[in-house]
Amino acid sequence: MYVPKKLRFTPSQIVAVTVLLTLLLFIPQIWLNWQAYYNFNHLTKNEFRLQKLSDEIIYLDEVLTMSARMNAATGNLMWEKRYRQFEEKLDNAIQASIKLAPQAYNSQDAKKIDVANQQLVKMEYQSFDLVKKNKQQAAQQLLSSHEYDTQKQIYADGVIKRKENISLALQQKVAKYRQKIFLAILASIISLLLLIPAWLLVLNLLREYLRAKKNAQVALEEINWILETKVAARTETLNQQNIQLEQTLQELKNTQVQLIQTEKMSSLGQLVAGVAHEINNPVNFIYGNLMYAKEYTQKLIDLIKLYQQEYSHNNSKITTVIKEIDLEFILEDLPKIVSSMTLGADRIREIVIILRNFSRLDEADMKPVDIHEGIDSTLLILQHQLKGKQEQKEIKIIKDYCSNSPLVECYAGGLNQVFMNIIGNAIDALHEKEVEDIKQAKERNTSCIIIQTQVRNAESLIISIKDNGSGISEEYKNRLFDPFFTTKPIGKGTGLGLSISYQIIVDKHHGKINCISSPGEGTEFVIEIPIRQIK
């Protein structure tokens, strides 16, 4: 195409005009894209903070509920102190959430949540006052009442719904920002189409320059290749370091969680040991005096019988009193009463011994122990959960211990923790199955847990804990020992019990733990640990 001489431009002018046009078209686009990116990034950060605060509010609320109930159950004012500490943290988390999402806390649902929370706090404060007045049973009834559970459910459902509303609002904002980004990209494409002819002309002008600089370009490409190789090597090194750092952080997190769980079990062991100690002293006093009481009673009975033989003449007053008190029945029943009291004291002493065995959670060294004692002590601790409640039947325990079981070198407290986790999960599964059977009006079979032990090749002990619950699907069974994985509702499970049990059996005792289960066939956990640990 012919262009008049006056309208012709030099190459430098063409390049300058093209660059100027590019800047005029793209700088506003870059600014708009940056604004969209900045707003989107700010939005995602706030959402992450809101999600974290929501999870923290749910956790702290469960801690307050547990502290109030433990205060009512034990009468220990330490739990009220713990309640006050975490109550302040919960208030701070709620205030932070209100600052980030004020609209989510001004709705009618939010008011219902506040009312339910106030009712819960009021009842928990009442329970603290009842405990201080030595009315623990009334405090326990208050915290297990229908009103408390209803308000707790309203509060939990409201928190979950509020969390969902916040997520929905975020999705709407994200859609809006996506639309803006789409429009910005569309404008960029139009600008690009306008600039293509100008840049084609610029490229045509630069072609000769590139040809002249071919040798220099080859050298430059070689240098770039060397630099890219170094950058790639450095990037690979950084990626490996990042992977190692992530693994280290995950290990630290798992270790922290395990320490917290271990501390909980240690506290439980200390509590049980304290209770056993306090019971043991009066029981020993009673048991030690029963022997003398039995001896003195027998001597008095012998004296009365001898008196009746030697002084057989009638005395009206004595005869009347003998008939009134039914002396023959007393002489016959009194030894039985003393024997019954002796049996009761023996039973209490056995329970104290079992409690002491369970309380060995803080023993750091391996030592030979009787595994059966650990299982029995765990069953004693869980005995209240095995008993029937309302429409639920009592769970039957079937023991099949091997008679020649040797002492096993192990961490007694750690194994007790494993038994507590597995048997506790079995009890929960059986209760859930029974609830489902009641809802569906099915015939209810007797719920039972079968515990078996056997020695394999005189080198290892196998412990089997089996229930006749609903079983576990293959999808869930492959993730049972993963940290934080749980099928229980929020607030009823942390997903740490089986993960910690796996570490105790496999890492600490060099043993094995497997789960055998299928839907409708119950669940069996098989534990194998060496009888003697290799030094």
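# Notebook: helix packing and salt bridges

I began with one helix pair: helix 3 and helix 4 are roughly antiparallel to each other, because their axes cross at roughly 165° and angles over 145 degrees count as roughly antiparallel. I note at once that the model is predicted.

**Entry 1. Helix 3 and helix 4**

I looked up the limits of both helices: helix 3 covers residues 108-132 and helix 4 covers residues 136-143. Their axes come within 8 Å. I recorded the crossing as left-handed.

Which residues make the contact between helix 3 and helix 4? From helix 3 I listed Met123, Glu124, Gln126, Ser127, Leu130 and Val131. From helix 4 I listed Gln136, Ala138, Ala139, Leu142 and Leu143. I sorted the residues of this contact by class and found seven nonpolar, three polar and one charged.

**Entry 2. The chain as a whole**

I then turned to the whole protein, which has 13 helices and seven strands. I noted that 31% of the 535 residues count as buried. I also looked at contacts between residues at least 6 apart in sequence; 74% of these join residues at least 24 apart.

**Entry 3. Helix 9 against helix 11**

I next examined helix 9 (residues 371-381) and helix 11 (residues 412-439), whose axes lie 9 Å apart at an angle of about 45°. That angle makes helix 9 oblique to helix 11. I recorded a right-handed crossing for this pair.

On the side of helix 9, I found Ile371, Gly374, Ile375, Ser377, Thr378, Leu379 and Ile381 in the contact. Their partners in helix 11 are Leu415, Asn416, Phe419, Met420 and Ile423. I classed the residues of this contact as eight nonpolar and four polar, with no charged residues.

**Entry 4. Helix 11 against helix 13**

Helix 11 also packs on helix 13 (residues 497-508), and I noted an angle of about 145° with the axes 9 Å apart. Helix 11 passes helix 13 in a left-handed crossing.

I listed Gly414, Leu415, Gln417, Val418, Asn421, Ile422 and Asn425 on helix 11. Opposite them I listed Gly497, Leu498, Ile500, Ser501, Ile504 and Ile505 on helix 13. The classes here are seven nonpolar, six polar and no charged. I marked Leu415 in my list, since Leu415 meets helix 9 and also meets helix 13.

**Entry 5. His431 in helix 11**

I looked up one further residue of helix 11, His431. Is His431 buried or exposed? I found that His431 is buried, because its relative accessible area is 14% and buried means under 20%. Leaving aside residues up to four places away in sequence, His431 touches Gln385, Gln392 and Ile395.

**Entry 6. Salt bridges**

I reminded myself that side chains of opposite charge can pair when their charged atoms come close. How many salt bridges does the count give? The count comes to six salt bridges, and I looked up several of them.

Glu80 and Arg84 meet through their side chains, with N to O at 3.1 Å. Both residues lie in helix 2 (residues 78-100), four residues apart, which is about one turn of the helix. I found Glu80 buried at a relative accessible area of 8%, whereas Arg84 is partly exposed at 34%.

Asp376 and Lys399 form another salt bridge, with N to O at 2.8 Å. I noted that this pair links distant parts of the chain, since Asp376 is in helix 9 and Lys399 is in strand 2 (residues 396-400), 23 residues apart. Asp376 counts as partly exposed at 24% relative accessibility. Lys399 is partly exposed as well, with a relative accessible area of 44%.

I then looked up Glu528 and Arg456, whose closest N and O atoms are 3.5 Å apart in a salt bridge. Glu528 belongs to strand 7 (residues 523-530) and Arg456 to strand 4 (residues 448-456), so the pair links distant parts of the chain, 72 residues apart. Arg456 is partly exposed, at 42% relative accessible area.

I also recorded a network: salt bridges that share partners join Glu80, Arg84, Glu87 and Lys132.

**Entry 7. Ser167 and Gln51**

My last look was at Ser167, which is found in helix 5 (residues 146-212). Ser167 counts as partly exposed at 22% relative accessibility. The C-alpha atoms of Ser167 and Gln51 are separated by 8.6 Å, although the two residues are 116 residues apart along the chain.

Terms used: Residues are numbered from 1 along each chain as its sequence is written. This is a predicted model: local features need pLDDT of at least 70, side-chain atom pairs count only at pLDDT 80 or more; totals for chains, interfaces and linings use all residues. Side-chain values use heavy atoms; hydrogens and water are left out. Axes are lines fitted to C-alpha atoms, for helices over the stretch in contact, and angles run from 0 to 180 degrees between N-to-C directions. Helices (H or I, at least four residues) and strands (E, at least two) are DSSP runs, numbered from the N terminus. Angles under 35 degrees count as roughly parallel, over 145 as roughly antiparallel, 65 to 115 as roughly perpendicular and the rest as oblique. A crossing is left-handed if the near helix is turned anticlockwise from the far one by less than a right angle, and right-handed if clockwise. Contact means heavy atoms within 4.5 Å. Ala, Val, Leu, Ile, Met, Phe, Trp, Tyr, Cys and Pro count as nonpolar, Asp, Glu, Lys and Arg as charged, and the others, Gly among them, as polar. A salt bridge is a side-chain nitrogen of Lys or Arg within 4 Å of a carboxyl oxygen of Asp or Glu. Buried means under 20% relative accessible area, exposed over 50%, partly exposed in between (1.4 Å probe, protein chains only).
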